[in-house]
Amino acid sequence: NAAAKWQALERWAKAFQQERGRPPTLWVDVVSIDQSAVAESLACLPIFLAGCESLLVLGGPVYTSRLWCIMEIFTFLSITTDLSRVTIVPLKGRGGRRSAAELDTLSAFSRFSVEQATCTLDTDRENILSVIQSSYGTYDDFDRAVRGLFAERLDPNAVPSRSASSYRAPSGADASRRTASELGWPMV
């Protein structure tokens, strides 16, 4: 939902500014990709993502079912191996409260299966799955890498405390040293 995404973005941007002393500069996929010529715009996705210092994912319950969203993560981690450049924020319910939707999001992250993800166009889905299979060999290997990324890079301040034990991002020096290849992301 747009309101939950806006609230999550505002919270993240405020924390970013407090930490770095400046507001963030954002490239937002949905407003930057020509929606009337998606195929042509998406051919530039690696170029757009290569220009990004980091990747912020504002994920709701359906995020993992959208194959293009997962493809953005795949593309970004094909460019960099530094997982500390990825932050995943599960969306909260109304008024910023933890909600059933947030718990559904965390559950979807932990159960991710690329074979369950969809695209509007069947040809897009077939092409993306072909790229994934040629890079990973099996969908199971890709699924494990995606689930590992979600568990590794979830914003620890955004996770419900009673069900967060398997989702907390690592703290300290080890958090910045983990690489994409350590979680099973191939370098293509």
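So, to kick off: how far does α8 reach from its first C-alpha to its last, and what span is expected at 1.5 Å a residue? Helix α8 has 15 residues and reaches 21 Å, which is close to the expected 21 Å. I'll keep coming back to that helix today. One caveat up front: this is a predicted model.

Okay, the overall layout. The protein has 9 helices and 2 strands. If you walk along the sequence, you get α-α-α-α-β-α-β-α-α-α-α. There are 188 residues, and buried ones make up 41% of them. For those of you who like contact maps: take the contacts between residues at least 6 apart in sequence, and 70% of those join residues at least 24 apart.

Back to α8, then. Its buried residues are Tyr139, Phe142, Asp143, Ala145, Val146, Gly148, Leu149, Phe150, Glu152 and Arg153. So what does this helix pack against? I'll show you two partners.

Partner one is α5, residues 67-79, against α8, residues 139-153. Their axes come within 12 Å and cross at roughly 85°. Since anything from 65 to 115 degrees counts as roughly perpendicular, that is the label α5 gets relative to α8. On the α5 side the contact uses Ile70, Ile73, Phe74 and Leu77, and on the α8 side Phe142, Val146, Leu149 and Phe150. How do those residues divide into nonpolar, polar and charged? It's 8 nonpolar, with no polar and no charged.

Partner two is α7. Here the axes of α7 and α8 come within 8 Å, crossing at roughly 90°, so α7 is roughly perpendicular to α8 as well. From α7 you have Leu129, Ile132, Gln133 and Tyr136, and they meet Tyr139, Asp141, Phe142 and Ala145 of α8. The class count for this contact is 6 nonpolar, 1 polar and 1 charged.

You'll have noticed Phe142 in both lists. Now the core. In soluble globular proteins, nonpolar side chains tend to be buried together. In this model the largest nonpolar core has 34 residues, and Phe142 and Phe150 touch the most other members. The elements that each supply at least two residues are α4 (45-50), β1 (55-59), α5, β2 (86-90), α6 (100-110), α7 (122-136) and α8. Which of them gives the most? That would be α5, with 8 residues. There's also another core lying apart from this one; it has 8 residues, including Ala8, Leu9, Leu58 and Val89.

Since α5 came up, let me finish with two of its residues. First, Thr75, which sits in α5. Buried or exposed? Its relative accessible area is 9%, so Thr75 is buried, the cut-off being under 20%. Leaving out residues up to four places away in sequence, Thr75 touches Leu45, Pro46 and Leu49.

Then Ile79, also in α5. At 41% relative accessibility, Ile79 falls between the 20% and 50% cut-offs, so we call it partly exposed. With that same sequence filter, Ile79 touches Pro46, Leu49 and Ala50. Take Pro46: Ile79 is 33 residues from it in sequence, yet their C-alphas are 7.9 Å apart in space. Notice that Pro46 and Leu49 are touched by both Thr75 and Ile79.

That's my tour, happy to take questions.

Conventions. Residues numbered from 1 in each chain as written. Predicted model: local features only at pLDDT ≥ 70, side-chain atom pairs only at ≥ 80, totals over all residues. Heavy atoms only, no water. Axes fitted to C-alpha atoms, helices over the stretch in contact; angles between N-to-C directions. Helix = DSSP H or I, 4+ residues; strand = E, 2+ residues; numbered from the N terminus. Parallel < 35°, antiparallel > 145°, perpendicular 65-115°, else oblique. Contact = heavy atoms within 4.5 Å. Nonpolar A, V, L, I, M, F, W, Y, C, P; charged D, E, K, R; others polar. Expected span 1.5 Å × (residues − 1). Buried < 20%, exposed > 50% of the residue type's maximum accessible area, 1.4 Å probe, protein only. Core = buried A, V, L, I, M, F, W, Y, C linked by side-chain atoms within 4.5 Å.
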